[in-house]
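Here is a set of short questions and answers to read beside the model. Keep the sequence and the structure open as you go.

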Amino acid sequence: MQNTHQAIDLPSLRKQKILLLLERDGKVTASDLVEHFAVSQDTIRRDLGELAAAGLLQRVHGGALPRPKDTGKDFFTRVGETNDAKRRLAQLAADRVEDGQIVLFDSGSTTLQIAQSLPREIRLTVVTASPMIAVALADHPYVKVILAGGQLNPATLSTGGQEAVRLIQSVKADLLFTGVCALHPQIGITSQHFDEVAVKQALLDSASHVVAVSTADKLGAVEPFVVGPCERIHTLITEWHVPSVERYEQLGLEVLQVEVE
């Protein structure tokens, strides 16, 4: 008899679905997961252990809870902590923008820094789901800003939902500056927030050239929700002393490194 759960029993897909259930319900129990996936308790116990070891959930007796929230790093704190490394990375990214382009900006403190690094006289059309980036470019007299609407996520200060996705899908942009929560050579681009995934995927689909700007700590890291493979990025701008940067070059990415003091 053919096992009807064969596809879902693939470990990586099953663990992804466990994280989705955890995001939806706020907790999962081992007994419910055993029944849901039609696998053994040992399999679920191993899955939960591996997810906990990766920092993606909090293991408790009989199941799991979401990992503890980062209480000290809200968006405004991250913006206030912008250092020389991030400013140099952002400036190199901003230097790649040309007059007359249509540019997509993902949300995030690094992409905000890129927007703030653009020369005031540049002529662009900018599309973004970040109100902060829209405001940062409001005083650029030759920049037309289109802000994607939708529900505001207080954690990321970006809009989401079908309204934002539909608007982004209607755009054919020259360039995208994508926000990077984590970038792993095998697992790809991942996000901490499930409701960001659809917007980020729409952004990737709508740009001819994708630029990711990332500090060293985000490379090799993994967050719970997969946005897409590394190959969706064309150019990676990062710090000079990043270990194993050749792994990204082997995937076909152009890697630009900035030396910072």
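Q: Which residues of helix H2 (residues 30–37) are buried?
A: This is a predicted model, and local features are taken where pLDDT is at least 70. Buried means under 20% relative accessible area. In H2, the residues that meet this cut-off are Leu33, Val34 and Phe37.

Q: Within what arc do the buried residues of H2 fall, seen down the axis?
A: The residues in question are Leu33, Val34 and Phe37. They line one face of the helix, because their arc, seen down the axis of H2, is 105 degrees.

Q: What covers the buried residues of H2?
A: Leu33, Val34 and Phe37 are the buried residues to be covered. Their cover includes two helices and a strand: helix H1 (11–25), helix H3 (41–53) and strand S1 (28–29).

Q: What phi does Ala38 take, just after H2?
A: Ala38 lies in the loop between H2 and H3. Most residues other than glycine have a negative phi. Ala38 is not a glycine, yet its phi is positive, at about 55 degrees.

Q: Is Ala38 buried, partly exposed or exposed?
A: Buried ends at 20% relative accessible area and exposed begins over 50%. Ala38 has 44% relative accessibility, so it counts as partly exposed.

Q: Where does Leu157 lie, and what is its phi?
A: Leu157 sits in the loop between strand S7 (151–153) and strand S8 (158–160). At 15% relative accessibility, it counts as buried. Leu157 is not a glycine, but it has a positive phi of about 50 degrees.

Q: In what order do the three strands of the open sheet lie?
A: The pairing in this sheet is antiparallel. Strand S10 (182–184) and strand S13 (225–228) stand at the edges, each with a single partner strand, so each has one side without a neighbour in the sheet. From one strand to the next, the twist averages 35 degrees. The order is S10-S11-S13.

Q: How many bridges join S10 to strand S11 (residues 188–191)?
A: S10 and S11 run antiparallel. Ala182 stands opposite Thr190 in S11. The number of bridges joining the two strands is three.

Q: Which strands does helix H9 (residues 197–205) touch as it packs on the sheet?
A: The direction of H9 makes about 15 degrees with that of S13. The strands it touches are S11 and S13.

Q: How many disulfides are there?
A: A disulfide is a covalent bond between the sulfur atoms of two cysteines. Here a pair counts if the sulfur atoms are within 2.5 Å. Cys181 is partly exposed because its relative accessibility is 29%, while Cys230 is buried at 1%. By the distance rule, the count of disulfides is zero.

Q: Which residues touch Ala115, not counting those up to four places away in sequence?
A: Ala115 lies in helix H6 (residues 109–117). It counts as buried because its relative accessibility is 0%. With the neighbours up to four places away set aside, Ala115 touches Phe105, Ile133 and Leu137.

Q: Is Lys86 buried or exposed?
A: Lys86 is part of helix H5 (residues 84–94). Leaving aside neighbours within four places in sequence, its contacts are Ser109, Thr110 and Gln113. Its relative accessible area is 11%, so Lys86 counts as buried.

Q: How far apart in space are Val211 and Phe177, C-alpha to C-alpha?
A: Val211 is in strand S12 (residues 207–213), and it counts as buried because its relative accessibility is 0%. Its contacts beyond four places in sequence include Phe177, Arg96 and Ile237. Val211 and Phe177 are 34 residues apart in sequence, but their C-alpha separation is 5.0 Å.

Q: What share of the 261 residues of the protein counts as buried?
A: The protein has ten helices and 15 strands. It exposes about 13200 Å², of which carbon and sulfur atoms supply 51%. The buried share of its residues is 46%.

Q: What share of the contacts with a separation of 6 or more comes from residues 24 or more positions apart?
A: A contact needs heavy atoms within 4.5 Å. One pair of this kind is Val211 and Phe177, which are in contact and 34 residues apart in sequence. For the protein, the share is 60%.

Key:
Residues numbered from 1 in each chain as written. Predicted model: local features only at pLDDT ≥ 70, side-chain atom pairs only at ≥ 80, totals over all residues. Heavy atoms only, no water. Helix = DSSP H or I, 4+ residues; strand = E, 2+ residues; numbered from the N terminus. Buried < 20%, exposed > 50% of the residue type's maximum accessible area, 1.4 Å probe, protein only. Pairing = 2+ DSSP bridges. Axes fitted to C-alpha atoms, helices over the stretch in contact; angles between N-to-C directions. Arc of directions from axis to C-beta. Areas by Shrake-Rupley, 256 points an atom, 1.4 Å probe, with all protein chains shown as cover.
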